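Morning, everyone. I have a few notes on salt bridges and on one threonine, and I will keep them short.

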Protein chains: 2
Amino acid sequence: MADTYARYDAGQIRAWTNAVFEKLSVPPQDAAAATDALVHADLMGIDSHGLARLAVLQSYAPGLQNGTVDPKAVPEVVHEAASTAVMDGHGGLGAVAATRAMELAIAKAKKTGAGFVSVKNSKHYGASSHYAAMALEHGMIGLSMTIGGLGVVPTFGRGRRLGINPMSVAAPGGDEPPFILDIATSVVAGGKLELAKMRGQQVPTGWIVDAEGRPTNDPDDFWKGGALLPLGGAPETGSYKGYGLSVMIDILCGVLSGMGFAASIREGRNDLTPHFQGALLVEGFGSLEAFRAMMDNMVQTLRATEPAAGAERVLVHGEKEFAAQRDREQNGIPYHPQVVGTLEKLASEVGIPLPAPVKG
Amino acid sequence: MADTYARYDAGQIRAWTNAVFEKLSVPPQDAAAATDALVHADLMGIDSHGLARLAVLQSYAPGLQNGTVDPKAVPEVVHEAASTAVMDGHGGLGAVAATRAMELAIAKAKKTGAGFVSVKNSKHYGASSHYAAMALEHGMIGLSMTIGGLGVVPTFGRGRRLGINPMSVAAPGGDEPPFILDIATSVVAGGKLELAKMRGQQVPTGWIVDAEGRPTNDPDDFWKGGALLPLGGAPETGSYKGYGLSVMIDILCGVLSGMGFAASIREGRNDLTPHFQGALLVEGFGSLEAFRAMMDNMVQTLRATEPAAGAERVLVHGEKEFAAQRDREQNGIPYHPQVVGTLEKLASEVGIPLPAPVKG
């Protein structure tokens, strides 16, 4: 599929995105942080959280253009201890506040072994794994969470009371790629539903409920007052677990930062959102070299699991992202024609031509 | 159901359990910690992790009796930074090492805002939520994880390569009960399978696979080379998420402490296991009072969710445990006749008579 898409050189796309942010009055260092977040998501193959959002989501270019995102907002530390802090994003780009918060968590972890920063009044920050992965080059385990759009039903309920809350954990490997977990705490994210709807397909049991809270296979029911199910699907297959993980994210991002929880924040009808960024220094626990060797051993053991009947092989989290990154850095990033259309439109609005594809 | 069981006074059961541990050469402070862990699980209604284990699991009384658990082992800090540490349990009671590790995490969080302790060479520690909940009275969010028995298949694989790894997160409330999440990262824990097998019942699709890694509804298949599925069940409903959470627990407990990961630890055919204990000081982020008020608001909002068609109401994590605790402290702890049998046997072996039931 990806090969019918036009591919764009990663370096050229990076330069273009950076120029667009700067043109929209974002200071150079902040433009670089926001560009990193979007292009890194595209490189890792998380296409739903890269440039696909730049020209369409209020938290990015449209918000900068219409004044709902403050390009010059400076994230501010409003409370602090040796290993913890709360940062106020002051309504600027989510990737800027989230990057500064992760940098602060890493700086704290360098000193004490652990750093955790809860962030309020930020915006959509892209892919969680971008921030968790920032910890890797410092020999740290990284953690990142955010509150997503209101879209998930709590177990035994009806309607949307929980955010589509993602979390990511990254841990350094040795010769093997790092472990990178990046998951929503709902069964699936919204994008897969839109795809099914577009294609006129039914969705598997366990993805969504209708307006009365009953399981359904019709994706349209989601837009008629329905909701996504928490990870686990039905009560008998553990939906209270995904529900609880979603609330945990609400607490760490929203309640700890003092901003609120998914249902209270989204009631405000704005796109402000909180995050939670963390880092643990491996050498706060022991030898980094021994850690890397044991990670490799674990990854190799998991990968060597005998496949199920009919399955190809067992994958470990981060493997696919690592392969995508290598491919895309070499061969360019493939963008869906529809995404290219939105980028072309933005390019003409800001007067900075989109680079030509390298392959299409 | 619980009312056909005999009930035992919580205070008397606590005194008896404590006396049994002391009789088996456990020093008073450690006997108290182990007693707390087991009786607290029973009070919270986590019956599978309380006294039901005391007389039957190698990690408790049988191990103390046959010398595989060292009653006088002193957990030792072998590596430390301001907010982090690794502790070696030296093969003593799991609840002792886990309690000391949580106490250390709390002490560190008091100073820096965050404390995380990875523990190696410990044993079965009971219910994760007991340790996470230790943080609550200190105005902290508590976290606890451990590597369980090998029983879970990674997505697309066959056979047991992952532990039945639980995690718990506890956060203080105000007038409402605290939030207490306590979940295994498999769809269900092993106990529910045993129950289905005993009753000759089929299990829901999404719980287990057979020896070839194919979904099955026959609980017997689990004991014929099958395995539990990770939370999420099938690949299309997010099983790689539960799989990844299980690996995350392996990393934080086993790789960080230097002990190994589920598959490598269980290969050793002993019952040594690692844990990960953490605490975050709410006041490292902001006002505890404001946090408590917002937690109450969140819990009340979730609980007020309109129920699904046919459902009674939406519960919040910790609510059931809190209600069980109130009931059992007042009316006694109900034990299954089979559990009472194992306790009677232990009582006669150590020469300390089991208290009489208060109601039966």
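I will go through some charged pairs, then a network, then the threonine. Keep in mind that this is a predicted model.

Start with the total. Over all chains, the structure holds 30 salt bridges. I will take three of them from the two chains, A and B.

The pair to begin with is A:Arg7 and A:Asp327, whose closest N and O atoms are 3.2 Å apart. What does this pair tie together? A:Arg7 sits in strand 1 of chain A, residues 6-8, and A:Asp327 sits in helix 12 of chain A, so the salt bridge joins parts that are 320 residues apart in sequence. Are the two ends buried or exposed? A:Arg7 has a relative accessibility of 7%, and because buried means under 20%, A:Arg7 counts as buried. A:Asp327, at 27%, counts as partly exposed.

Next, A:Lys108 and A:Glu80. Their closest N and O atoms are 2.9 Å apart. This pair also links distant parts of the chain: A:Lys108 is in helix 5 of chain A, residues 94-112, while A:Glu80 is in strand 2 of chain A, residues 76-80, and the separation is 28 residues. On accessibility, A:Lys108 is buried, with a relative accessible area of 7%. A:Glu80 is partly exposed at 48%.

Now chain B. B:Asp30 forms a salt bridge with B:Arg100, with 3.0 Å between the closest N and O atoms. Here the link runs from helix to helix: B:Asp30 is in helix 2 of chain B, residues 28-43, and B:Arg100 is in helix 5 of chain B, residues 94-112. They are 70 residues apart. B:Asp30 counts as buried, at 12% relative accessibility.

Then there is the network. Which residues are joined by salt bridges that share partners? They are A:Glu176, A:Arg303, A:Arg313 and A:Glu319.

Last, the threonine. A:Thr305 is in the loop of chain A between helix 11, residues 288-303, and helix 12, residues 319-331. Helix 12 came up before, as the place of A:Asp327. A:Thr305 is a loop residue, and A:Thr305 is buried, with a relative accessible area of 3%. What does A:Thr305 touch, leaving out residues up to four places away in sequence? In chain A, the contact is A:Val314. In chain B, the contacts are B:Pro154, B:Gly157, B:Arg158 and B:Arg161.

That is what I have.

Key. Residues numbered from 1 in each chain as written. Chains lettered and ligands numbered in written order. Predicted model: local features only at pLDDT ≥ 70, side-chain atom pairs only at ≥ 80, totals over all residues. Heavy atoms only, no water. Helix = DSSP H or I, 4+ residues; strand = E, 2+ residues; numbered from the N terminus. Buried < 20%, exposed > 50% of the residue type's maximum accessible area, 1.4 Å probe, protein only. Contact = heavy atoms within 4.5 Å. Salt bridge = Lys/Arg side-chain N within 4 Å of Asp/Glu carboxyl O.
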